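Student: I am new to this structure and should be grateful for a close look at a single part of it. Please set that part in its surroundings as you go.

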Amino acid sequence: MAGPYDEAMRHALVEARAALDTGDVPIGAVVLDSSGVVVGRGGNVREAEGDPTGHAEVVALRAAAKEVGEWRLAGCTLVVTLEPCTMCAGASVLARVDRIVFGAYDDKAGAVGSLWDVVRDRRLNHRPEVISGVLADESSELLLGFFGGQRA
C-alpha cells in the first residue's frame, strides 16, 4: 500500500540516481510546498562542484527558497533518500520546514534520530515533524550498490 510521501520519495530517488553520473554519493531530495507541489530538488553535488556543503538537502532547500521567494519554508516538507546529517538537519530547522521525510537511516552520521536527534532538541525554537522509512529499501539499495562498487 502506497504511503502519502511515496511519490515525492520517488522524485528524490531520481535526483539520487542523477548524482551517480557525477561520481557523487547517490542521495536526492525534494521540497514540497504546503499543497504537495515540488518547489525544490537536488542531489549531492560535493564532487561535481567541489562544495563541502553540496548535500542534496542543502541544494533542494536553496532551490525551494529561490522558488518561494524567501528563506522561510514554513508549510514545506523536505523529502530525502537518506537521514540528514547534522549540517542538513540544522539547515532544515533554520529553514523552518514543517516536516522531514526520509528513506534510509544513517547509523554513522544521521542527525534525525540515529546518531543524533538535532531536529527534536527542545532547546531549539523550531522542531519539524519527522517521518522515517519511506521507500527505505529502494534508498538503501542505491547506496549499497554505490558503496559496493567503490570497494570492489
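In which loop is the place of R96?

Tutor: The model is a predicted one. In it, R96 is found in the loop between α4 and β4. Its backbone deserves attention at the outset. Most residues other than glycine have a negative phi. R96, although not a glycine, has a positive phi of about 65 degrees, and this value occurs just after α4. As to its surroundings, R96 has a relative accessibility of 25%; it therefore counts as partly exposed, since that category lies between the limits of 20% and 50%.

A second residue invites the same kind of description. L135 is not a glycine either, and its phi is positive, near 50 degrees. This residue lies in the loop between β5 and α5 (136-151). With a relative accessibility of 13%, L135 counts as buried, because the limit for that class is under 20%.

Let us now turn to the helix that precedes R96. Helix α4 covers residues 86-95, and its buried residues are C88, A89, G90, S92, V93 and A95. These buried residues pack against one helix, α3 (56-68), and against two strands, β3 (77-82) and β4 (99-104).

The meeting of α3 and α4 can be described in some detail. The two helices pack at an angle of about 20 degrees, and their axes are 9 Å apart. Angles under 35 degrees count as roughly parallel, and α3 and α4 are therefore roughly parallel to each other. Their crossing is left-handed. On the α3 side the participants are E57, V58 and L61, which meet M87, C88, A91, S92 and A95 in α4. By class, this contact has six nonpolar residues, one polar residue and one charged residue. C88, S92 and A95 thus appear both among the buried residues of α4 and in the contact with α3.

The strands against which α4 packs belong to a sheet. This is an open sheet of five strands in the order β2-β1-β3-β4-β5, and its pairing is mixed. Its edge strands are β2 (38-43) and β5 (129-131), each of which pairs on one side only. From one strand to the next, the twist averages 15 degrees. Strands of a sheet pair through backbone hydrogen bonds, either parallel or antiparallel.

Within the sheet, β1 offers a clear example of such pairing. This strand, residues 28-32, pairs with β2 in the antiparallel sense over five bridges. The two strands form a hairpin with five residues between them, and G36 in the turn has a positive phi of about 90 degrees. In this pairing L32 stands opposite V38, while V31 stands opposite G40. β1 also runs antiparallel to β3, to which four bridges join it; there V31 stands opposite L78.

β1 is mostly covered, with five of its five residues buried. In a regular strand the side chains alternate between the two faces of the sheet. In β1, G28, V30 and L32 point one way, and A29 and V31 point the other way.

A further helix lies across this sheet. Helix α1 (residues 6-20) lies across β1, β2, β3 and β4, and it runs at about 140 degrees to β1. One of the residues in α1 is H11. Leaving aside neighbours within four places in sequence, H11 is in contact with V30, V38 and R41. At 30% relative accessibility, H11 counts as partly exposed.

We may finish with β4, the strand that follows the loop holding R96. A104 has its place in this strand and is buried, with a relative accessible area of 5%. Apart from neighbours within four places in sequence, A104 is in contact with T81, L82, E83, A136, S139 and S140. The C-alpha atoms of A104 and L144 are separated by 11 Å, although their positions lie 40 residues apart along the chain.

How values were computed. Residues are numbered from 1 along each chain as its sequence is written. This is a predicted model: local features need pLDDT of at least 70, side-chain atom pairs count only at pLDDT 80 or more; totals for chains, interfaces and linings use all residues. Side-chain values use heavy atoms; hydrogens and water are left out. Buried means under 20% relative accessible area, exposed over 50%, partly exposed in between (1.4 Å probe, protein chains only). Contact means heavy atoms within 4.5 Å. Two strands pair if DSSP finds at least two bridges between them. Axes are lines fitted to C-alpha atoms, for helices over the stretch in contact, and angles run from 0 to 180 degrees between N-to-C directions. Angles under 35 degrees count as roughly parallel, over 145 as roughly antiparallel, 65 to 115 as roughly perpendicular and the rest as oblique. A crossing is left-handed if the near helix is turned anticlockwise from the far one by less than a right angle, and right-handed if clockwise. Ala, Val, Leu, Ile, Met, Phe, Trp, Tyr, Cys and Pro count as nonpolar, Asp, Glu, Lys and Arg as charged, and the others, Gly among them, as polar.
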